[in-house]
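Biologist: Please take a close look at the cysteines, the aromatic side chains and the loop residues around them. I should like one connected account, with the cut-off stated for each term.

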Amino acid sequence: AKLVNLESLELRENNLEALPLTIKLLTKLKLLDLGRNNLEELQPEIGYLFNLQELILDENILQDVTVVGDLLNLRHLDLSANNLMAFPDEICNCTMLETLYGDGNEFQELPEALGNLTKLTRLNMNYVALKALPNSIGYLQSLEELNIYENYLEHLPSTIGFLRNLQFLVAYDNRLKDLPNELASCTNLTHLNVANNKLERLPDNI
(Lines give C-alpha, C1' and ligand atoms only; values in the text may rest on other atoms or scores of the structure.)
Protein backbone atom coordinates (compact mmCIF):
# COMPACT_ATOMS: atom_id res chain seq x y z
CA ALA A 1 0.00 0.00 0.00
CA LYS A 2 2.97 2.33 0.47
CA LEU A 3 4.18 1.93 -3.13
CA VAL A 4 1.93 4.79 -4.21
CA ASN A 5 4.16 5.75 -7.15
CA LEU A 6 3.93 2.35 -8.85
CA GLU A 7 2.95 2.62 -12.51
CA SER A 8 3.59 -0.99 -13.54
CA LEU A 9 2.81 -4.13 -11.53
CA GLU A 10 3.46 -7.49 -13.18
CA LEU A 11 2.37 -10.56 -11.22
CA ARG A 12 1.73 -13.15 -13.91
CA GLU A 13 2.49 -16.86 -13.52
CA ASN A 14 2.07 -17.12 -9.78
CA ASN A 15 -0.56 -18.80 -7.60
CA LEU A 16 -2.52 -15.74 -6.59
CA GLU A 17 -6.16 -16.27 -5.59
CA ALA A 18 -6.82 -12.70 -4.47
CA LEU A 19 -5.18 -9.29 -4.15
CA PRO A 20 -4.80 -7.23 -0.97
CA LEU A 21 -7.64 -4.74 -0.50
CA THR A 22 -5.04 -1.98 -0.36
CA ILE A 23 -4.49 -2.41 -4.12
CA LYS A 24 -6.96 0.47 -4.47
CA LEU A 25 -4.33 2.87 -3.10
CA LEU A 26 -2.05 2.35 -6.11
CA THR A 27 -3.88 4.95 -8.12
CA LYS A 28 -0.92 5.72 -10.39
CA LEU A 29 -0.92 2.22 -11.87
CA LYS A 30 -1.02 2.17 -15.66
CA LEU A 31 -0.21 -1.51 -16.20
CA LEU A 32 -1.50 -4.43 -14.12
CA ASP A 33 -0.63 -7.93 -15.33
CA LEU A 34 -2.38 -10.73 -13.42
CA GLY A 35 -2.21 -13.37 -16.13
CA ARG A 36 -1.78 -17.08 -15.35
CA ASN A 37 -2.87 -17.03 -11.73
CA ASN A 38 -5.83 -18.61 -9.87
CA LEU A 39 -8.17 -15.65 -9.66
CA GLU A 40 -11.89 -16.50 -9.56
CA GLU A 41 -13.13 -12.94 -9.30
CA LEU A 42 -11.92 -9.37 -9.55
CA GLN A 43 -12.35 -7.48 -6.32
CA PRO A 44 -14.26 -4.16 -6.35
CA GLU A 45 -11.08 -2.42 -5.23
CA ILE A 46 -9.69 -2.80 -8.78
CA GLY A 47 -12.26 -0.20 -9.81
CA TYR A 48 -10.32 2.50 -7.94
CA LEU A 49 -7.38 2.25 -10.35
CA PHE A 50 -8.65 5.12 -12.47
CA ASN A 51 -5.41 5.62 -14.39
CA LEU A 52 -5.08 1.99 -15.48
CA GLN A 53 -4.45 1.66 -19.21
CA GLU A 54 -3.49 -2.02 -19.54
CA LEU A 55 -5.17 -4.86 -17.66
CA ILE A 56 -4.04 -8.41 -18.43
CA LEU A 57 -6.10 -11.24 -16.93
CA ASP A 58 -5.50 -14.17 -19.29
CA GLU A 59 -5.48 -17.79 -18.06
CA ASN A 60 -7.23 -17.39 -14.73
CA ILE A 61 -10.57 -18.90 -13.67
CA LEU A 62 -12.52 -15.67 -13.64
CA GLN A 63 -16.31 -15.82 -13.80
CA ASP A 64 -17.08 -12.16 -13.11
CA VAL A 65 -15.17 -9.09 -14.30
CA THR A 66 -17.92 -6.47 -14.14
CA VAL A 67 -15.67 -4.12 -12.15
CA VAL A 68 -13.65 -3.57 -15.34
CA GLY A 69 -16.46 -1.25 -16.45
CA ASP A 70 -15.20 1.32 -13.92
CA LEU A 71 -11.80 1.58 -15.61
CA LEU A 72 -12.63 4.27 -18.15
CA ASN A 73 -9.04 4.92 -19.22
CA LEU A 74 -8.29 1.32 -20.28
CA ARG A 75 -6.54 0.98 -23.64
CA HIS A 76 -5.78 -2.76 -23.56
CA LEU A 77 -7.81 -5.55 -21.96
CA ASP A 78 -6.99 -9.27 -22.13
CA LEU A 79 -9.65 -11.64 -20.78
CA SER A 80 -8.48 -14.71 -22.71
CA ALA A 81 -8.88 -18.24 -21.35
CA ASN A 82 -11.11 -17.67 -18.34
CA ASN A 83 -14.50 -19.08 -17.32
CA LEU A 84 -16.68 -16.22 -18.51
CA MET A 85 -20.05 -17.54 -19.68
CA ALA A 86 -21.30 -14.20 -21.00
CA PHE A 87 -19.63 -11.09 -22.34
CA PRO A 88 -19.69 -8.47 -19.55
CA ASP A 89 -21.81 -5.56 -20.85
CA GLU A 90 -19.94 -3.23 -18.49
CA ILE A 91 -16.84 -3.46 -20.68
CA CYS A 92 -18.71 -1.40 -23.26
CA ASN A 93 -18.29 1.57 -20.86
CA CYS A 94 -14.54 1.50 -21.54
CA THR A 95 -14.74 3.65 -24.64
CA MET A 96 -10.98 4.31 -24.75
CA LEU A 97 -10.22 0.62 -25.43
CA GLU A 98 -7.97 0.01 -28.42
CA THR A 99 -7.36 -3.74 -28.08
CA LEU A 100 -9.71 -6.34 -26.60
CA TYR A 101 -8.95 -10.07 -26.31
CA GLY A 102 -11.65 -12.48 -25.17
CA ASP A 103 -10.44 -15.77 -26.69
CA GLY A 104 -11.27 -19.08 -25.07
CA ASN A 105 -14.34 -18.11 -23.05
CA GLU A 106 -17.99 -19.10 -23.67
CA PHE A 107 -19.56 -15.83 -24.76
CA GLN A 108 -21.83 -17.18 -27.57
CA GLU A 109 -22.94 -13.63 -28.30
CA LEU A 110 -21.71 -10.08 -28.04
CA PRO A 111 -23.94 -7.15 -26.98
CA GLU A 112 -25.07 -4.41 -29.35
CA ALA A 113 -23.36 -1.99 -26.97
CA LEU A 114 -20.04 -3.30 -28.33
CA GLY A 115 -20.46 -0.57 -30.93
CA ASN A 116 -19.58 1.98 -28.23
CA LEU A 117 -15.92 0.93 -28.48
CA THR A 118 -15.22 3.15 -31.44
CA LYS A 119 -11.48 3.38 -30.73
CA LEU A 120 -10.91 -0.39 -31.00
CA THR A 121 -8.21 -1.27 -33.51
CA ARG A 122 -8.00 -4.99 -32.71
CA LEU A 123 -10.74 -7.37 -31.54
CA ASN A 124 -9.99 -11.03 -30.78
CA MET A 125 -12.95 -13.34 -30.10
CA ASN A 126 -11.58 -16.72 -31.14
CA TYR A 127 -13.03 -20.07 -29.98
CA VAL A 128 -15.71 -18.49 -27.78
CA ALA A 129 -18.73 -20.33 -29.30
CA LEU A 130 -19.99 -17.19 -31.09
CA LYS A 131 -23.13 -17.79 -33.14
CA ALA A 132 -23.50 -14.28 -34.50
CA LEU A 133 -21.90 -10.85 -34.53
CA PRO A 134 -23.97 -7.82 -33.49
CA ASN A 135 -24.96 -5.36 -36.23
CA SER A 136 -23.21 -2.68 -34.19
CA ILE A 137 -19.87 -4.15 -35.28
CA GLY A 138 -20.13 -1.60 -38.08
CA TYR A 139 -19.68 1.25 -35.59
CA LEU A 140 -16.10 0.16 -34.85
CA GLN A 141 -14.72 2.63 -37.36
CA SER A 142 -11.12 2.34 -36.12
CA LEU A 143 -11.01 -1.46 -36.34
CA GLU A 144 -8.02 -2.77 -38.29
CA GLU A 145 -7.96 -6.41 -37.20
CA LEU A 146 -10.90 -8.73 -36.49
CA ASN A 147 -10.10 -12.29 -35.38
CA ILE A 148 -13.16 -14.53 -34.97
CA TYR A 149 -11.91 -17.98 -35.92
CA GLU A 150 -13.11 -21.31 -34.45
CA ASN A 151 -16.67 -20.22 -33.68
CA TYR A 152 -20.15 -21.16 -34.95
CA LEU A 153 -20.82 -18.18 -37.20
CA GLU A 154 -23.09 -18.87 -40.19
CA HIS A 155 -23.22 -15.31 -41.50
CA LEU A 156 -21.39 -12.02 -41.16
CA PRO A 157 -23.58 -8.92 -40.73
CA SER A 158 -23.84 -6.60 -43.71
CA THR A 159 -22.69 -3.75 -41.46
CA ILE A 160 -19.17 -5.18 -41.65
CA GLY A 161 -18.95 -3.14 -44.84
CA PHE A 162 -18.67 0.03 -42.75
CA LEU A 163 -15.25 -1.07 -41.43
CA ARG A 164 -13.28 0.97 -43.93
CA ASN A 165 -10.04 0.67 -41.92
CA LEU A 166 -10.22 -3.12 -41.62
CA GLN A 167 -7.03 -4.81 -42.85
CA PHE A 168 -7.20 -8.33 -41.35
CA LEU A 169 -10.31 -10.49 -41.15
CA VAL A 170 -9.64 -14.00 -39.88
CA ALA A 171 -12.73 -16.20 -39.68
CA TYR A 172 -11.58 -19.73 -40.47
CA ASP A 173 -13.21 -22.76 -38.82
CA ASN A 174 -16.73 -21.37 -38.64
CA ARG A 175 -19.95 -22.34 -40.44
CA LEU A 176 -20.14 -19.44 -42.87
CA LYS A 177 -22.51 -20.16 -45.74
CA ASP A 178 -21.87 -16.92 -47.58
CA LEU A 179 -20.02 -13.63 -47.46
CA PRO A 180 -21.98 -10.37 -47.57
CA ASN A 181 -21.67 -8.23 -50.69
CA GLU A 182 -20.90 -5.32 -48.39
CA LEU A 183 -17.54 -6.89 -47.55
CA ALA A 184 -16.30 -5.43 -50.84
CA SER A 185 -16.52 -1.98 -49.24
CA CYS A 186 -13.62 -2.90 -46.94
CA THR A 187 -11.12 -1.75 -49.52
CA ASN A 188 -8.21 -1.60 -47.06
CA LEU A 189 -8.49 -5.35 -46.45
CA THR A 190 -5.15 -7.06 -47.08
CA HIS A 191 -5.75 -10.45 -45.43
CA LEU A 192 -8.96 -12.48 -45.59
CA ASN A 193 -9.02 -16.01 -44.17
CA VAL A 194 -12.32 -17.90 -44.35
CA ALA A 195 -10.86 -21.38 -44.74
CA ASN A 196 -12.82 -24.41 -43.51
CA ASN A 197 -16.30 -22.95 -43.69
CA LYS A 198 -19.38 -23.93 -45.76
CA LEU A 199 -19.05 -21.42 -48.59
CA GLU A 200 -20.53 -22.48 -51.91
CA ARG A 201 -19.72 -19.30 -53.80
CA LEU A 202 -17.97 -15.96 -53.43
CA PRO A 203 -19.72 -12.65 -54.06
CA ASP A 204 -19.05 -11.38 -57.58
CA ASN A 205 -17.86 -8.03 -56.30
CA ILE A 206 -15.04 -9.54 -54.26
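Modeller: The structure holds 0 disulfides, a disulfide being counted as a pair of cysteine sulfur atoms within 2.5 Å. Cys 92 takes part in none, and its nearest cysteine sulfur, which belongs to Cys 94, is 8.5 Å away. In general terms, a disulfide is a covalent bond between the sulfur atoms of two cysteines. Cys 92 is buried, with a relative accessible area of 2%; buried means under 20% relative accessible area, exposed means over 50%, and partly exposed lies in between, for a 1.4 Å probe and protein chains only. Cys 186 is buried as well, at 4%.

The basis of these values should be stated here. This is a predicted model, in which local features need pLDDT of at least 70 and side-chain atom pairs count only at pLDDT 80 or more, whereas totals for chains, interfaces and linings use all residues. Residues are numbered from 1 along each chain as its sequence is written, and side-chain values use heavy atoms, with hydrogens and water left out.

The aromatic side chains come next. A search of the whole structure yields 4 aromatic pairs; rings of Phe, Tyr and Trp (its six-membered ring) pair if their centres lie within 6.5 Å, and planes under 30 degrees apart count as stacked, over 60 as edge-to-face and the rest as tilted. One of these pairs joins Tyr 127 and Tyr 149 in a tilted arrangement, 6.2 Å from centre to centre with 50° between the planes. This pair links distant parts of the chain, 22 residues apart: Tyr 127 belongs to the loop between β6 (122-124) and β7 (145-147), and Tyr 149 to the loop between β7 and β8 (168-170). Strands (E, at least two residues) and helices (H or I, at least four) are DSSP runs, numbered from the N terminus. Tyr 127 is partly exposed at 41% relative accessibility, whereas Tyr 149 is buried at 19%.

Tyr 149 also forms a stacked pair with Tyr 172, at 4.5 Å centre to centre and 5° between the planes. Here too distant parts of the chain are linked, since Tyr 149 in the loop between β7 and β8 and Tyr 172 in the loop between β8 and β9 (191-193) are 23 residues apart. Tyr 172 is partly exposed, with a relative accessible area of 23%. Through their ring pairs, Tyr 127, Tyr 149 and Tyr 172 are linked into a cluster.

The loop between β8 and β9 also contains Asp 173. Asp 173 has a positive phi of about 55° although it is not a glycine, and it is partly exposed at 27%. Ala 81, in the loop between β4 (76-78) and β5 (99-101), likewise has a positive phi, near 55°. Its relative accessible area is 33%, so Ala 81 is partly exposed.

Asn 37 completes this account. This residue is found in the loop between β2 (31-33) and β3 (54-56) and is buried, at 4% relative accessible area. A polar atom of the Asn 37 side chain lies 3.1 Å from the backbone oxygen of Leu 11, and the backbone oxygen of Leu 34 lies 3.0 Å from a polar atom of that side chain. Residues that Asn 37 touches (heavy atoms within 4.5 Å) include Arg 12, Asn 14, Leu 16 and Glu 59, not counting residues up to four places away in sequence.

Key. Polar contact = N/O pair within 3.5 Å; in protein donor to acceptor, adjacent residues only side chain to side chain.
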